[in-house]
Structures are given as structure tokens and as C-alpha cells.
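Colleague: Could we go through this model together? I should like to discuss its helices and its internal cavities.

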Amino acid sequence: MSATTAPDALADGANSRWPMAARARALVNQRNFIILLLVLGVTPLLLPTVAPLIDLPNHMSRYAIGLEYRTSPYFKQWFDFRWVLVGNLGVDLLVTWLAPLFGVEGATKLVILTIPFLTIAGIGLIAREVHGRIPATAALAAVVTYNFAFNFGFVNYALSVGVALLLFGVWLWLGRLGKSTLRAWLSVPLGFVTWVCHACGWGILGVFIFTWEFASERMQGVDWMRSILRAVARCLPLTTPLLPMLFWSNALPHGSFAYFDFSPSRKIAILILALRNGIPLIDVGSMLILWGIGTVGIIRRDLEFDRRMTAVAAALLVTFLLMPVNLMGSGHADLRVGPYVVMLFLVALRPSSETRFTRALGVFSVLFFAVQMLYHAVVYERINRAQEHVLEAAEHIPVGARVFAFASVECSASMKGNRMDHVHRLAMVRRQAFTNGTWPYPASQTLLVHPDMVAGYGDESSQLYQPKDCREGHRHTIDGALASLPPGRFQYFWLLDVPPKEWPVRSNLSPIWHNDRTILYRIVPSA
């Protein structure tokens, strides 16, 4: 990285003998810097056929059902599908629009690629508006793009936060230009778009804007009450989703609106494990590095935190601490918010002067980001190969078949395995099959499963073949799963990522196809 792309590039230009030329060079270097971050930021997702995000195959099965429901004689037997205006449709809608051109898998890949792109672009724009430049330390914030919530597959939520970050940057930009009226008018539709992506992202955008406006008023000497009122007034254009949100919350099943279980140890674990993706030593070590740099920023005089941006990060921290475990049908609500608290504190960090340390930190920040992207790319490609290896069996599943899948998984707290939790759901995308693990999805309200198909299997765990130390009952063994199968409901039994020594040999199971990690049986009806 050249000296002019170091943290104080624009400030250096201002002190040059030829300030206009120096500023032009600095702006070009700033542009090149953000382009570098954007290019590196999407590389982990380029090679995998399907991004190995735990819940993503489950989402993709819903996309396929929505697209093919009217024409598929099979999906109509098992599901009811309807479009409902709810705050959890971002990726669903984009895939629906793109799938006629690229297919479900191609469209999903394109949309998932936009998530890190939007997130990093938002980080860059916010940093540019807050600091007057994009400090190289912004690369540290960009590292958090690939966080545990994203790797878990909360794609609508991750998309909404990417949109929220970008819109917050636009809000700051228009405010700097003095175009408050235009900003207010644009906030009406753009706030609604953020809500449609995911309601939590819309809420986070509101936290960003309210806190920034409140902190700005206070820094100008305005008293507390007037600061609050002015901040609320500037947030009013964002409130258009409140009416559909009211109908949505009323339609949720009883008890699913919110579930509070405050646990300090859980909150701390979320912040420490925010980068969890496969190798615990690397994931935790990387997070500790980010926390360490933030701590150094408090101590050193050549580093500082922007006061207003720190207030925004602190407000999101309070939101995270108060956030329930489940909110409006979405699980792990607090886990989703935690990583972005770390991201915003890092966005607030900047060098206050150019020293040997800040130059070294700038170089380290970019190299650290590049190494992290390489790490995620290697992890994703390894998992994708393992998943595609077992999915070879799906080619031998007849179209419209009913399949009971049983996948070897790690304990829920681990990310070390091959993330087979929902991979079998891609048989619904590729073969219009019905698989177990299909459960009602109250947060979307678009997909309903016929009760006769989910009776006894109306949750997301019936397909999990768990290790002994975290197994929940006999049902999660191969013998237990086979013993509990309802007669006649399933036609095939599919083991995923299970070694041959554990494959059952039974008179009612006829092997159809196998490789070294998966086997597909036809279930022979009893006489």
C-alpha cells in the first residue's frame, strides 16, 4: 500500500505545495482503496456453487417452492404458498426476480454476493463522511462482514444491514451537502425497502440515524430534550413500515413475538465468537486482535474515536444487550446484532496524526483483511466440495419423491464440520422432492406445510445425526430415526456425510446409490 493511501492521505494532500493535485491523487487512491476492499470482500463467495451458509439451503427450498408452486404437481401436494407483505423478504424477492434468467441457484449466488458488497460499500461511505477520508483502519471493520450471523445463513437480515449501512452513509452525505429535504423524502421509500429486506435491519437503521442526530445536536450545545425531539423528528420519514408491521406482529403465533432470556455469558460469547467460521483458534484469535486494536485506540494519542460514531456504536451495543433471543419469529435476534456492534466501533476509529505506528497499523489492517478473505475462501470451498460430494446422491432421487434425510452434524455450538444441517433441502431445489426438516416459518408467513406431511417432523432437527455428547434422545440415532418413520410417508432414506461403517443393512432398505460419504436407500414397503 503506497504512502498516499495511508490513513491521512487527504490531510497530506491539503498540506502539499500543490494542494489541488495532491487532493486529486488522494481521491484516486481512496477510490482504489475501496475498490480493493470490495473486490477482496466478494472473493470468498465466488467459487462455491452454493454458499456454505448453514440455513441457506432451507431458504433456497422456499425460493424454489415459491417459483414453481403454480406449475409443480408435487409442491401443491405438500405446501401452500402465498406472498404476504412482511419484513423478511429481501433475498426472496430478489431471487424471484432473477431466477427466470439464472435459475434458483444462480440467482441466489448473485444476491448473496451483493451482501458483502453492500456492507463494505456502506462501511466505506460512512467512514468517508465521518472522517473526511476512508482510513485504512476501515479494513478492520470490513473484516466483520463475514460474521457468525452471516455464516449461519441469516441472509435476509444480513442483506438488510448491508442496505442500512449504505443508506446511513447516504444520509450523512446528503446532510453534509445540506440537502435535508431531499434526504427526508428519500427516507420514506428507502426506509420501507430496508424493512422489506428484514425488519431488524430497518430498526438498526433507525438506531443509527437517531443516535447520530441526537449526538450532533448535543455537540452543538442543544439541551437534552430538544436534542431528542429533533432527532425523533428527523427519523419520522422512516416510520412508514409501522402499519404493515402492526398487522404482521398480530399474525404471528402466540408467544413468538419475543422471548427474553438475558444471560451475560451469552452476550459476551456472542461478541467473542462473532467471526466464527470453522477454525476456532483463527476465529477467536482474529476477534481478539480486533478488540485489542480497539483497546489500543483508547490508549494511544495518535488514534482516536469519532465522538458521534462512537455514540452510534454505543447505542447499538445497548440495543444488543437489551435484544431478546427471539424477536417477531426470528431466532437468535441478539446474535445477529452483536457482530455489527464491533464493526461500528471499528468504523469510528481513525488516526489522529500520521506516525510510524499509524502507518504500520494501516498496512496491517489491509493485510489482515486480505488474509481473512483468503481464510474464508478456503473454508467455504472446502465445505462446498464436501456438500457437493454428498449431493451427488440427489441426482438419483426421482423427481417428486418423498425423502427422509439424516445428516451427520457437529454439536450446535461448533462450526468445524461440513454444515450438512440443511444441505438435503437442495433436493427440493434440484428434484422437487419433499424432505423432512420442513417446518412452518412464522417469520415469513409465505410458506405453509400441509399438516399431514409435518406431523411428528414439524421442526428443523429431525434430520440431524448428532454426536453422542450433544444428542437429544434416541431419535437422533440412525436406529431411532428408522424406528420412528411413519409408514408410507417417505419413499427414500438418505444418509449424508456418514461413513460406510455406520450404514444400516436392513431388509426394508434397498441401496440405490452411494459414494464414500453418502448412501441413498429406497424404503421397501412392508407387505
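**Helix packing and cavities**

Modeller: This is a predicted model. The buried residues of α13 are covered by elements that include α14 (280-299), α15 (307-322) and α16 (333-348).

Colleague: Which residues of α13 are buried?

Modeller: Helix α13 spans residues 264-272, and its buried residues are Lys-267, Ile-270 and Leu-271.

Colleague: Why are they on the same side of α13?

Modeller: Lys-267, Ile-270 and Leu-271 lie on the same side of α13 because they cover an arc of only 95 degrees around the axis.

Colleague: And which exposed residues does the face turned away from the buried side carry?

Modeller: That face of α13 carries Ser-265 and Ile-268, both exposed.

Colleague: Turning to the cavities, how many of 30 Å³ or more does the structure hold?

Modeller: There are 4 cavities of 30 Å³ or more, and the largest has a volume of about 100 Å³.

Colleague: Which helices each supply at least two residues of the lining of the largest cavity?

Modeller: Those helices are α8 (155-176), α9 (180-197) and α10 (199-219). The most comes from α8, which gives 5 residues to the lining.

Colleague: What is the lining of the largest cavity by class?

Modeller: The lining has 10 nonpolar residues, 1 polar residue and 1 charged residue.

Colleague: And which residues line the largest cavity?

Modeller: The residues that line the largest cavity are Leu-167, Phe-168, Val-170, Trp-171, Leu-174, Arg-183, Leu-186, Ser-187, Leu-190, Leu-205, Ile-209 and Leu-238.

Key. Residues numbered from 1 in each chain as written. Predicted model: local features only at pLDDT ≥ 70, side-chain atom pairs only at ≥ 80, totals over all residues. Heavy atoms only, no water. 1 Å grid on protein atoms, 1.4 Å probe; cavity = no way out; pocket = protein on both sides within 12 Å on 5 of 7 lines; lining within 4 Å. Points joined across faces, edges and corners; volume = space filled by probe spheres on them. Helix = DSSP H or I, 4+ residues; strand = E, 2+ residues; numbered from the N terminus. Nonpolar A, V, L, I, M, F, W, Y, C, P; charged D, E, K, R; others polar. Buried < 20%, exposed > 50% of the residue type's maximum accessible area, 1.4 Å probe, protein only. Arc of directions from axis to C-beta. Contact = heavy atoms within 4.5 Å.
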